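Let's take a relaxed walk through a protein chain, from the big picture down to single residues. Keep the 3D view open and turn it as you read.

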Amino acid sequence: MNPQDLQTYLDRLITNQLKISTMIWGAPGIGKSSIVRQLATAHQLEFIDIRLSQLAPTDLRGLPVATDGVSKWLPPEFLPTQGQGILFLDEINMAPPAMQGVAQQLILDRRVGTYVVPAGWYVWAAGNRKEDRAGVFDMPAPLANRFLHLQVEPDFESFKAYALQQGVHEQIIAFLSFRPSLLHKIDPHQPAWCSPRSWMMASSLHAHGLDVAPAIGMTASAEFQAFIDMYRMLPDLQAICEGKGDRIPFPVEPSARYATAIGLTVHAATDVDRACHAFRWLSRVAPAEWVQLFISDLLGLMRSCGQLGLFTALIEKDPSIQKFLQDYRQLAASLN
């Protein structure tokens with residue numbers, strides 16, 4: 001499944017209060033822990049992220065304390081004792097077998113030693129796969145059999161929807177729209193390589209004029225720089241969004257077309273009038289597939305900020321846009 005599918009599945013577990021231990025498998029850097037954290041926030045649940053690879057068995061089981069001549073286990077302070085939340089055991093298969101054995105008690109019995117997981121808490125875990133060059137241990141069959149297993153793969157459309165909402169630099173999104181294979185690409189010869197997580201870091205670097213190679217590696221950085229050189233020759237997106245694009249042609253090169261469609265989405269997303277100007281210009285100068293790309297991204301952003309109704313009402317009054325939509329019924333259907 002892709003990250004959006006994963007989010008939907010986990011959301012339904014919470015909505016239906018299915019407290020079944022769940023294991024999320026996937027390559028490093030694709031946002032597994034971020035998705036779980038976002039769901040906890042959305043459902044107003046507490047979130048505790050425990051990196052098992054950084055703990056010893058006694059850190060999770062607790063320390064023995066003599067009480068009235070009897071040794072009792074004193075649980076660690078980071079385990080929940082009340083309320084509702086998600087107890088997230090990250091990097092579980094990077095933990096040595098002894099640590100996984102202690103975690104098995106927590107997952108199977110919802111307890112370890114004298115500690116008991118509160119009834120309102122979900123126990124979920126995540127781990128990487130051997131093929132991702134992660135230093136992992138085999139998960140014991142008895143432990144694996146206690147989990148639901150969800151496999152998640154990097155997916156550009158899921159990343160793009162998230163990136164647009166999070167304000168990732170438009171040039172990063174435009175470049176990856178043109179080169180989606182670089183969204184997640186491990187380079188065994190460089191410490192820095194491409195992943196959704198590293199592209200988020202690259203966006204912050206790029207926004208402040210810093211080299212992105214420390215985040216994504218030299219090879220991807222060289223391609224990105226070449227793309228940026230092309231980006232400077234794009235149409236005047238500001239003028240288009242202000243309704244002054246009558247004499248501005250649509251680019252010919254595919255990379256420039258991706259950059260224009262994404263750039264207009266970012267420039268127009270916060271204002272329905274600017275969005276209508278951009279839509280009108282694209283519907284006049286661009287093939288339908290580029291208008292579709294623009295609209296599909298724009299609608300998600302407008303829906304998230306509560307402006308979709310205003311935008312739809314405005315374009316219904318625009319004769320030139322309505323004529324275009326009559327010729328492309330599939331595009332019109334996406335607006336309903």
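## The big picture

A residue counts as buried when its relative accessible area is under 20%, and as exposed when that area is over 50%. With that in hand, here's the overall count for this predicted model: of the chain's 336 residues, 49% are buried.

The chain has 17 helices and 9 strands. Its C-alpha atoms fill a box of roughly 90 × 45 × 30 Å along the principal axes. Now look at who touches whom: take the contacts with a separation of 6 or more, and 70% of them join residues 24 or more positions apart.

## Two nonpolar cores

In soluble globular proteins, nonpolar side chains tend to be buried together. What does that look like here? The largest nonpolar core has 58 residues, and the members touching the most others are Leu176, Trp199, Leu264 and Phe311. Helix H14, residues 288-304, is the top contributor to this core, with 9 residues. There's also a second, separate core of 23 residues, and its members include Ile48, Leu87, Tyr115 and Val117.

While you're at helix H14, find Leu299, which sits in that helix. Leu299 counts as buried because its relative accessibility is 5%, under the 20% cut-off. Its C-alpha lies 8.5 Å from that of Ala269, although Leu299 and Ala269 are 30 residues apart in sequence.

## H1 meets H2

Two packed helices are described by the angle between their axes and the distance between the axes. Start with helix H1 (residues 3-15) and helix H2 (residues 32-42): their axes come within 10 Å and cross at roughly 40°. That angle makes H1 oblique to H2, and the crossing is right-handed.

Which residues make the contact between H1 and H2? From H1 come Pro3, Leu6, Gln7, Leu10, Asp11 and Ile14, while H2 brings Ile35, Val36, Gln38 and Leu39. Sorted by class, the residues of this contact are 7 nonpolar, 2 polar and 1 charged.

## H7 and its two partners

Helix H7 (residues 170-178) packs against helix H10 (residues 218-231), with axes 10 Å apart and an angle of about 110°. That makes H7 roughly perpendicular to H10. On the H7 side you'll find Glu170, Gln171, Ile172, Ala174, Phe175 and Phe178, and they meet Ala220, Glu223, Phe224, Phe227, Ile228 and Tyr231 of H10. This contact has 9 nonpolar, 1 polar and 2 charged residues.

H7 also packs against H8, at about 135° and with axes 9 Å apart. Here H7 is oblique to its partner H8. Gln171, Ile172, Phe175 and Leu176 of H7 meet Trp199, Ala202, Ser203 and His206 of H8. The classes in the contact of H7 with H8 are 5 nonpolar, 3 polar and no charged residues.

## A buried serine

Next stop: Ser255, in helix H12, which covers residues 254-268. Is Ser255 buried or exposed? Ser255 counts as buried, because its relative accessibility is 13% and the cut-off for buried is under 20%. Leaving out residues up to four places away in sequence, Ser255 touches Phe178, Phe227 and Met230. You've already met two of these names: Phe178 and Phe227 are listed in the contact of H7 with H10.

## Out in the loops

Now for some residues in loops. Gln17 sits between H1 and strand E1 (22-25). Its phi is near 55°, a positive value in a residue other than glycine. With a relative accessible area of 58%, Gln17 is exposed.

Gln44 is in the loop between H2 and strand E2 (46-51). Phi of Gln44 is also near 55°, again positive in a residue other than glycine. Gln44 is exposed too, with a relative accessible area of 74%.

Finally, find Pro191, in the loop between H7 and helix H8 (196-207). Why does Pro191 count as exposed? Its relative accessibility is 81%, and the cut-off for exposed is over 50%. The C-alpha atoms of Pro191 and Ala215 are 9.1 Å apart, with their positions 24 residues apart along the chain.

Conventions. Residues numbered from 1 in each chain as written. Predicted model: local features only at pLDDT ≥ 70, side-chain atom pairs only at ≥ 80, totals over all residues. Heavy atoms only, no water. Core = buried A, V, L, I, M, F, W, Y, C linked by side-chain atoms within 4.5 Å. Buried < 20%, exposed > 50% of the residue type's maximum accessible area, 1.4 Å probe, protein only. Helix = DSSP H or I, 4+ residues; strand = E, 2+ residues; numbered from the N terminus. Axes fitted to C-alpha atoms, helices over the stretch in contact; angles between N-to-C directions. Parallel < 35°, antiparallel > 145°, perpendicular 65-115°, else oblique. Left-handed = near helix turned anticlockwise from the far one by under 90°. Contact = heavy atoms within 4.5 Å. Nonpolar A, V, L, I, M, F, W, Y, C, P; charged D, E, K, R; others polar.
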